[in-house]
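This briefing begins with one loop residue and then turns to the interface and the overall form of the chain that holds it. The sequence and structure are shown below.

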Amino acid sequence: MVKAQAPTFQEMIFALQRYWAAQGCAVMQPVDTEVGAGTFHTATTLRSLGPKPWAACYAQPCRRPTDGRYGENPNRLQHYYQFQVLMKPSPVNAQELYLGSLAEIGLDATAHDVRFVEDDWESPTLGAWGLGWEVWIDGMEVTQFTYFQQVGGIECAPVPVEITYGLERLAMYAQDVDSCFDVVWCRDPEGHELTYGDVFHENEREFSTYNFEVADVAALRRHFDDYELQCQACLDRELPLVAYDCALKCSHAFNLLDARGALSQTERMNYILRVRSVAKAACVAWMAASDTKAEVAK
Amino acid sequence: MTTKDFLLEIGSEELPSAPLDAARAELPKLLGAALDEAGLAHGEIRVISSPRRLAALVSGVACATEASTQVFRGPKVAQAFDADGNPTKAALGFCRGKGVDVGALEVVEFKGEKHVAVTVSEPAKRATELLGPISEGVIAGLSWPRSMRWGSTSERYCRPVRWIVCLFGEDVVDVRFANIASGRATWGHRVLAPGEHEVPSPSSYLDVLEGAYVLDHDARAERIREQIATLEGELGLVVDTPASTFAEVVNLCEWPTVLAGHFDERFLEVPQEIICEAMLKHQRCFPAFAADGSLSRTFILVSNGDSAHNAAIVQGNERVVRARLDDAAFFFEEDLKVSMEDWLESLAEVTFQERLGTLRQKVARMEKLAGEVARLAGEDDATIAHAERAAHLAKADLVSQAVVEFTSQQGVMGGHYAHAAGEDDVVAAAIAEHYRPRYAGDELPGSVVGSAVAVSDKLDTICGMFAIGEPPTGSKDPFAQRRGAIGVIRLLERMPNVRLRELIDVSLGLYEAQGLTFDRDEVAKAVSGFFSGRLQTMAREEGAQPDAVAAIAHTGVVDPAEFLSRVRALEAARGETRELMDDLAQAFLRATHLADPSLGTDVDRAALGEAELALYEATEAAEADVAAALASDRFSDALAALAALRGPIDRFFEDVLVMDEDLAVRNRRLALLNRFAHPFAGVADFAALAKVS
């Protein structure tokens, strides 16, 4: 039974955008390259660096090829949405702001058991780590809440706070459904419902098949190598934003290779190190470029 | 002396459980030391904590330090000034050390000599001036395993600090940390009493907290236990609350309410180990068991929410537990579709250790080693075959979906899969138990087959790591070799026929056959030395005297059963006949000090005097008795045989001058002493016993 008053999937995104816009966040659109998490968006990774204040929010489609289940598992998807908030410096009332946002999507924190459960975050491919929590509502993990300490191997000062909502889970909970495919995406004026399954079920089946069975391993290895070289070329020409985009392409090629089971343990580690070094190099170049601009502005 | 109570509360965002528990222990030490160093007398320090606060309540802190005057004596006057009356380097250094000018030097007399001296007066300092800096030092000084920065400040703490309450009596003490200034407002429970709550004085702190729906750590633990007990009574169930999960649960709430939820009957068909782990580790819920020990559909959760919404909170948790268990059931059912042999082949892709090869190779070595353990233990061919089979399948579950998800159920799941695949019960049980003992006091495998596999697994790791020159160090033991060695010792203690040195040799041989190159003798020696070290530690931890442990270790015995029973027997003998054993040890030491090994042990019996002859005969008898006793593992009898030498040796030293002027006599007597020491050699190093006594 879908609760009549529960927001639809799209209404949740609208509500979160409006809420965080009112807190001073610039509402961004998703990055248009495949990423494994909202963190990889330049609005998070690169803007976490450097002294300038920054506040942004956006919904980000994420691809995690290994999590695909051909649309057969009600909880696991290889393509899903995160709603991402990044505020630098982290405000003193970051947790209260977050709890306030839950009410906007139909989850009144006072009517539930909300916990901040230790979960330190680390992204080996981004050379990034932070401390924080996973947020539980009645035992369900719905959000990652992290104070970044380092990104791209560079210390973050001031420190940003990253809040990442798992939109499908929150929607399942708010709408009281047991399968993410039953989440109501939107409702037309006559009350006809479009579900998450209507939009993405076939997508899960096809991409799971591709990720696990079809993706050409040799081609993926080539893609990885090519983008790694492109990244270097862009760094040489002082184009850190493009270099970073190439690093994202490498990361996705690696994720696909991983899903294909094509990598031995040692090889896997090597690929992670290669992604990390291009991502780090792009971050360092971006920092250097923004320092130069700051100098020129003076 | 006037005193007041003192309160320091560090309010923060949610602190993680384990670091919070460590900080609860560290805070009173740190604060106590700082108060002592400042010279502020104080009473008991009580720690109060919740996820969002760490506080210390100190009773009776002195309002001021005591004024003091102290005279410090310096160098002699003669050395403090040169011929012209100018201060020497010594005098200047002394003044610098005390922070005074040369002009401040006085002269005092000490033991009839004139010395320069200074009088240092410390005026009394007010606590109100000292407590602020002390508190700031304590907040910054807590040693978190990982600390962080936040916002635009650079101070570090475990999670962002949001408020500080610091009161001395009714007055606020000024404390500043990361742009936060202290006050008297604490923060209440997020939902039940949000916002600030004034604390009038330290003595009212706990009442204010309780009024704001916050209980201290111990009170929460007690309330959770009480409520669980009540539910157990109502439901007729027994709730399992493992210490590590319980500690976390206590640190995840400020105002606990214990609730019961239920899951679907169908999950009871999934191995209960992964069901329990899913609840305990992933959801911090406790499983409940019926009186007959079977898992029930009920689980226990501890809520930090408003109890007006208990029904919704339970419902939410049930949904999450269902999803978790669905996952667990799915993994288990999927795993049952795969044969263990297929998994075994996948192990060829999994590195055990870079230089030691893959897990598939480890399994091949374990098979041979486990079979050898069973053979040496004197087991029949069927049992040896079972040990090999169990070792063959022991690691297969590492690539199963259930173990990838529930890592700590490795082995246990393998046991279930082996059982489902129709393997012999003994084999399935051995697979399930082969990681045991996993920690101090853990159960051992229930069968010889299980023990053989457990020994092969642990010993293979230890021998491999030693062979590549990576024995455990003080700070590094990533393959848990120490724990592994203790495991092997515990296991072999029950298999006295299995000789550890022989097993080490077999294990190293398997690595050699695999193509690893290393100095086999050297490594074998290093591995048995490592085991000897662990054995000595374990024996001392059992309460044995260090000298007794050393005395046995010096004989080179590394077989656990023999080593430990020898230590126990030696301890027992010393307990019963302390004086005799000490005396014997002294005599042995004296004999070995005099002895000259080059003279050998052959003694011309005909030439012996009466006392010499008595010792000679007693020694011959002891040799025979000791040999017989050791041959049948009667170690106490061996000790008793040696004890019989006490009279003769004492008499010998009393009646006979060993270092006779006649060289022939002297050498005869020295050879006799060599002979006397001989039967001791295989029993215990009595010299080690004498050194301490």
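In this predicted model, Gly305(B) sits in the loop that joins strand S16 (295–303) to helix H9 (310–336) of chain B. Gly305(B) has a relative accessibility of 1%; it therefore falls under the 20% cut-off and counts as buried.

**Surroundings of Gly305(B)**

- Leaving aside residues up to four places away in sequence, Gly305(B) touches Leu192(B), Thr257(B) and Ile313(B) in chain B, and His112(A) and Asp113(A) in chain A.
- Between Gly305(B) and Phe286(B) the sequence separation is 19 residues, and their C-alpha atoms are 18 Å apart in space.

**Interface between chain B and chain A**

- The size of an interface is often expressed as the accessible area lost when the parts come together.
- For chain B and chain A, the buried area is about 3600 Å², and carbon and sulfur atoms give 45% of that area.
- On the chain B side, the residues that lose the most area to chain A are Arg146(B), Arg149(B) and Arg319(B), which together account for 19% of what that side buries.
- The contact involves 43 residues from chain B and 42 residues from chain A.

**Helix H2 of chain A**

- Helix H2 of chain A covers residues 94–104, and its buried residues include Ala94(A), Gln95(A), Leu97(A) and Tyr98(A).
- Further along H2(A), Leu99(A), Ser101(A) and Leu102(A) are also buried.
- Gly106(A), just after H2(A), adopts a positive phi of about 85°.

**Overall form of chain B**

- Chain B contains 27 helices and 18 strands.
- The radius of gyration of chain B is 35 Å, whereas the globule rule gives 26 Å for 693 residues; chain B is therefore more spread out than a compact globule.
- Taken along the principal axes, the box filled by the C-alpha atoms of chain B is roughly 100 × 100 × 50 Å.
- Of the contacts in chain B between residues at least 6 apart in sequence, 68% link residues at least 24 apart.

**Burial, surface and charge in chain B**

- Of the 693 residues in chain B, 51% are buried.
- The exposed area of chain B is about 30200 Å², with 50% supplied by carbon and sulfur atoms.
- Chain B carries 107 negative and 70 positive side chains, and 5 Å separates the centres of the two sets.

Key:
Residues numbered from 1 in each chain as written. Chains lettered and ligands numbered in written order. Predicted model: local features only at pLDDT ≥ 70, side-chain atom pairs only at ≥ 80, totals over all residues. Heavy atoms only, no water. Helix = DSSP H or I, 4+ residues; strand = E, 2+ residues; numbered from the N terminus. Rg over C-alpha atoms; globule rule 2.2 N^0.38 Å. Buried < 20%, exposed > 50% of the residue type's maximum accessible area, 1.4 Å probe, protein only. Contact = heavy atoms within 4.5 Å. Areas by Shrake-Rupley, 256 points an atom, 1.4 Å probe, with all protein chains shown as cover. Lys, Arg positive; Asp, Glu negative; His and termini not counted. Charge placed at Lys NZ, Arg CZ, Asp CG, Glu CD. Buried area = accessible area lost by both parts, 1.4 Å probe.
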